[in-house]
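Colleague: Before I set up any calculation, could you take me through this model, beginning with how its terms are defined?

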Amino acid sequence: MMRHMLSSTVTFIMLGAAAAWAQTPRLVCDAAPQFRFQFGGVVGERIAVNTSGWLTRAPAADPGLLAMFELRDRQPAPDLVPWAGEFVGKYLMSAIQATRLDNDPKLQSTVKAVIQDLLQNQAEDGYLGPFPQSERLLKHWDLWGHYHVLLALLMWHEQTGDAAALAGCRRAADLVCRTYLDTERRPRDAGSTEMNLAIIHALGRLYRTTHEDRYLQMMRVIEQDWELEGDYFRTGLAGIEFYRTPKPRWESLPDLQGLLELFLITGDERYRVAFLHHWDSIRRLDRRNTGGFSSGEQATGTPYEPTAIETCCTIAWMALTVDALRATGNPLAADELELSTFNGMLGAQHPSGSWWTYNTPMNGVREASHHTIVFQSRAGTPDLNCCSVNAPRGLGMLVDWAVMRTGDGLAVNYYGPLEARVQLADGTPVTLRQETRYPLDGKVKLQVQLSEPREFTLQLRIPSWSTRTVVRRLWAAAEPGAAAEPGTYLTMPRRWHNGDAVELEFDMSFRCEPGGGEMTGRMSVYRGPLLLAYDVLLNDQAPPEPAPLRPADLQQARVSLPSPAADQVRIGRFLPWVLVDVPRADGPAVRLCDFASAGARGSHYISWLPADQIGPPPPLPEYPDNNASVPPGRLLFRARRSTAALGAHRIRVQIAGTPDMREPLLDVPFDEARSMVIPSDQAQRLAPQVAYYWRLVAENQWGTTTSPAAIRQFTIDPALPPLTDDLLTEYGQRADGVVIQADLRGKPDPEYGALQAATGWKSAAGPHGESDQAVELNGTDGMLIYQLRAFPEAEYTVAVRFSAQRVEGALGQVLSAWCRGMDDPLRIAVYQQKLYARIEAGNSYSTRGVPVAQDVWYDVCVVKQSGELTLYVNGQPVETLTVPAVIQSGARDVALGGNPHFTGTSEHLPCRVADFTLAARPWSPEEVAAWHAGHGRPGLSD
Ligand SMILES: [Zn+2]
């Protein structure tokens, strides 16, 4: 049966003991270091080649892994990447976990030897990094390197009881404390702060093991420094989406794990709230169709960009999700881990086991990290880079989530051929055996083995995508089978006997998820937990992209499981797990395979398939923020541009009193729209100071989609002033699209818009020499800063006249909206006698330089229209660049004469400026010409 993937509402049906948080902060569920696993099937094969192809090979093939510690104070000084200290810690974390997945004696002895070698290279003062004595813990990513080493030693200690590992871990942590608690230094002085402050996570784990007060004090110091850096706690409490926080790079994810440590240590529920908010924000807005995470190494608030998905980021996302599962017992977190594991993570591993990717794109090719980021290799470490050492942890983390212990029993999260030897909380051993071909088909038989009958609760994850799941309790003779609710745990309290078994049959029908943003007009197709992809090598004589598929075509699709004997010759090595042949009425059939196998032989693949007759993309809620207070009267809601009503005929705002949204109090339809205003008379049905939940439902003739689960919350605060008309527009723009108009006739105050600050300015003569027709900025602190609600995301025009008193040498900004690293939705800059228009949005985009002379007036206009940015000088187009269609920027102001927030080298430009306009629509070439011709006013084309 076909259906569109509906993002299910959050059903907070948690694991057994969830209610106990209020008294003692603790995890709802967790694995124990004694658990051992034997995986079969496709995952078992991938674990085996990871052991032989990487884990047992790397320390010998890359002896610099440990030699860099011996060389740290030798001459010539080693030339290391700033994060080199992480390599051994990342390697060890995955290898230590792997010893519980694979009994290979060589693996056991390899890991033990690396631990011993590492501890032998610990300096007298406890230092465990690769940098010279004078720099210990003070710069590079040295605290970040120690973060990984501390976690690895702690993990080894927990698993083996090795006292030397714990002692070494403590000595290193003590050095961190001596460096930053007993001096005037702040941890943020080490720089690279999202990386270096991440050590808070390891300190929390170590504090919970040792109860050493100094480690908690150190965490508190880092917590203070956070406020000036990533600000994770306050933004999490305020419901600010993670991509809009000051440090949305992936290295912030371990910092977020530090929030959960603070909750577990202090019991302060607010830390847990902040942690879960950020986890959920990434899940809703940034997690890709593959279960991978990151757009160019960070969160951007859209999952559709055709940018790199770094393997380190996917691993960090999975580690964060393991913590979310531990903290909540919410089966949706386990669904996420399954999605990441079978698709994005295993797609990052070459099936040979000899390499992992840096980037595992949704559409593209797979390259070994050794070649994409070869710049990280050095003499003695040819294979080492951030991703090659980190990626195997994606497999290793199976020990954390496959089977977990709950208050009164066990929870099964992973399905696939598996023998899990685990223990109940009191130590009673239980073996859980799964006989299945999952994820290749949907039938699972799970058997409980134990030495004598025992009462406990067994919980089985029912995936949210499995609309119809049939459960048969095989001890009950001839039971016909009962249905289980998707997105929950099936809870079975029972006195279990050896051999008791349960049979599950999951719904493996195809699901189509329409894309938004850059993937508009495309869909992702899933079968069970597997994302499907088109690989050109599997389609004879086929174009790089198939002709559009319709969801209805999948009704006739034929699924086959390739067998080595029959298919090896025809398909070659690295057989896909699953093949799906989709017949098409008007063309050749299209063959799809599982994403993790696609592109294994270097071929191009796509997982966003061109599509016809699809439903609208799931609308992403944008406004109001989660947990916002809103004024009484009419209520404003807004969807994200990347998904707003694209292809939707209608969009509905649903408001309910409970997060399950089962009984909406209001369900208001709108025609295709991005902003939706519920009139006061309808809004009156909602009471003040009550938490309401809302979501968006988009509809067209082909289907209905809802905003991703995790419904947002708001309350009506009668004390707030009512919504004004300008708030109804996205950027507060006038009817002609103008957001800011400042003619600058001798003063900075705008004709339209709001001035935030003006410094180092004076009235000056304009382009024609008349006095008081411009503003002069002094080049040292001179800047005019105008407020923005947000920088226009897709379309804008910026027009300004300027004359620079310095054009040589350093970079100077005529205009900049920079708010943080790699986030400047527009800068117009002068550098070495040339003028540039640039965007920094994950990547840098720049026009070529246009020569400019000192003290000469130029009319500059920059127009962004979807994916094109055009620079005009004196009315003439100079260059058109390809840029992202939508830029999600955190900029909330824009400056003339400097960079409004950068605190490094000065970017002030001594210049005169006049006739500044920022508009939230693209001007036509005629409008640009008219403005240049001398009207000096926006939008005049007469
Ligand atoms: Zn990496």
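Modeller: Two strands pair if DSSP finds at least two bridges between them, the strands (E, at least two residues) and helices (H or I, at least four) being DSSP runs numbered from the N terminus. The model is predicted, with local features needing pLDDT of at least 70 and side-chain atom pairs pLDDT 80 or more, while totals for chains, interfaces and linings use all residues. Residues are numbered from 1 along each chain as its sequence is written, and side-chain values use heavy atoms, without hydrogens and water.

Colleague: Which strands stand at the edges of the open sheet of four strands?

Modeller: The pairing in this sheet is mixed, and the order reads β4-β5-β9-β12. Each edge strand has a single partner, so one side of it is left without a neighbour in the sheet, and this describes β4 (403-406) and β12 (488-496).

Colleague: Which residue of β12 is the bridge partner of I462?

Modeller: Strand β9, covering residues 454-462, runs antiparallel to β12 and is joined to it by nine bridges. Within β12, the partner of I462 is T488.

Colleague: What arrangement do the four donor atoms around the zinc ion make?

Modeller: The protein donors (N, O and S atoms within 2.8 Å of the metal, or 3.2 Å for Na, K and Ca, with water not among the atoms) are E310 (OE), C312 (SG), C386 (SG) and C387 (SG), at 2.0 to 2.3 Å from the ion. For four donors, the term used here requires all angles to lie between 85 and 135 degrees. The angles subtended here are 103 to 116°, which makes the arrangement tetrahedral.

Colleague: How many residues apart in sequence are the parts that C312 and C386 tie together?

Modeller: The donor residues follow the spacing E-x1-C-x73-C-C. Because C312 lies in helix α14 (residues 311-328) and C386 in helix α17 (residues 386-390), the pair ties together parts whose separation in sequence, in residues, is 74.

Conventions
Four donors count as tetrahedral if all angles lie between 85 and 135 degrees; four count as square planar and six as octahedral if opposite donors are over 155 degrees apart and all others between 65 and 115; anything else is irregular.
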